[in-house]
Structures are given as structure tokens and as C-alpha cells.
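Let's take a walk through this structure together, one charged pair at a time. Have the model open and follow along.

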Amino acid sequence: MGFSLEDLKNNRNKGLVTSSSKTGSLVSVKKPRISINSASDIDSKLDVLAKKTIVSSTQEFARNTGEIVFIIDKSGSVEGTESTVIEGFKNFIDKERKLKYPTKISTILFSNGARVVHDNTDIEDVKSFSYLAIGGTALYDTFLRELTRIENRQKMTCDIPKDTIVITMTDGLDNERDSSLEEARPLIERLQNKGWHFIFLGAK
């Protein structure tokens, strides 16, 4: 899959507020404004996202694998959205498969801790999953631990995709953490500077 910075200009880093200062770029996370009410709703939003981010099929872009990282909130505050998110995710993956681009999927479910469901898995091998929404919301802990792990994995395996897109589905409230936004900010900024794209969808 090929992703273009130009195609992402209206989508990338949603949910992240950036501003410049004498000490550099500042990053903060705000509660997502997008609400998801049904499986068809999340499906349509991901579909629009795909159309805006995926470059048309060319031999040049088809040789460049893209990695899509899903970070999905499964804390108690999003209880009742599980089937909606799962079905929307499945529909999105089905549509992406039909494009026949080389795409890798990583999926992390998080609450107090994190559970890795897919790790750099070829989209053809991605299987459905289930989960129960319970526990606190350790968003920044998950960002620090899992995005650092993925960055290191890409370096160690020399399997660095042309673009990495991080899609976070959360209600935006980090209420249980060891890490703060201040600690996560340098990581987010560094990954943005490397060309990673951050997109937030509201979980409810």
C-alpha cells in the first residue's frame, strides 16, 4: 500500500494539536469530536479515511508496504461499543484486501494494560477478534510502550514501511496511567517527524 503525505493533509494527526514555540513543537491530545453510533457508521468513516489516504494503484507505490496500526480502547468507559468496533474493523479489512496492496496490520487493545492482537500481520492473514470493555484507560502508557515497540521492531527487522498510520479509537479520557502526555509528547513528535500519521476516531 502506498500512502501520500498530500492525500493525508486533511486527515493526518486528527486529535493531536500542534503548535510551535521557542522550545519546539508542542503536542496535546484532545477528546475526539467524531462519534461512532453503529457498525455502518464506523465502516463509513474508515472507508472515507481509506479513500483519502490510499494512493491509486501504480507499480511504484505497490512495491511499498504500508503499516496500519489500530490502537483500540477497551476500557469500561466505552462499554457497549465492542460489536460496533469489531464489525467496522472487519468491514474495513475486507475492503482493504480487495485493493491488493501490500499492507501490514498491527492491532493493540488497551485498558489498564495492552493486548497485541496483530503484530505486523499481512492483511491477508488478519483474523477477527473479540474483547470485553472493562478497566481504566491508560492511553499514554500504551502509546509509549507499544509505539516504541513497533518503531524498534521496524528498525531491527529492517522492515520499514513507506508510511505508518496510527488509528486510535478512544473516548479520549486517560484516567489511569503511569505516564503523562508530557512523557508521550517527545515520542509522538519524533514519529511525526519520521512521517508517521496519527488519526483519532471517537469510540462513542
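Start at Arg190, which is partly exposed at a relative accessible area of 36%. That label covers the range between buried, under 20% relative accessible area, and exposed, over 50%, worked out with a 1.4 Å probe on protein chains only. Before going further, keep in mind that this is a predicted model, where local features need pLDDT of at least 70 and side-chain atom pairs count only at pLDDT 80 or more, while totals for chains, interfaces and linings use all residues. Residues are numbered from 1 along each chain as its sequence is written, and side-chain values use heavy atoms, with hydrogens and water left out.

So what does Arg190 pair up with? Its partner is Glu151, and the closest N and O atoms of this salt bridge are 2.6 Å apart. A salt bridge here means a side-chain nitrogen of Lys or Arg within 4 Å of a carboxyl oxygen of Asp or Glu. The two residues sit 39 apart in the chain, with Glu151 in helix α4 and Arg190 in helix α5 (residues 181-193), so the pair links distant parts of the chain. Helices are DSSP runs of H or I with at least four residues, strands are runs of E with at least two, and both are numbered from the N terminus. Unlike its partly exposed partner, Glu151 is buried, at 2% relative accessibility.

Stay in helix α4 (residues 139-157) for a more local pair: Arg149 and Glu146 are three residues apart there, about one turn of the helix. Their side chains meet in a salt bridge at 2.8 Å, N to O. Arg149 is partly exposed, with a relative accessible area of 27%, whereas Glu146 counts as buried at 6%. These two don't stand alone, either: salt bridges with shared partners join Glu67, Asp119, Arg145, Glu146, Arg149 and Arg153 into one network.

Now hop over to helix α3 (residues 82-99), where Asp94 and Arg97 are also three residues apart, about one turn of the helix. Their salt bridge spans 3.1 Å, N to O. Here Asp94 is partly exposed at 26% relative accessible area, and Arg97 counts as buried at 19%. How many salt bridges are there by this rule? The count comes to eleven.

One last stop takes us to a strand. Ile199 lies in strand β7 (residues 197-202) and is buried, with a relative accessible area of 3%. Thr168 is 31 residues away along the chain, yet the C-alpha atoms of Ile199 and Thr168 are separated by 6.3 Å.
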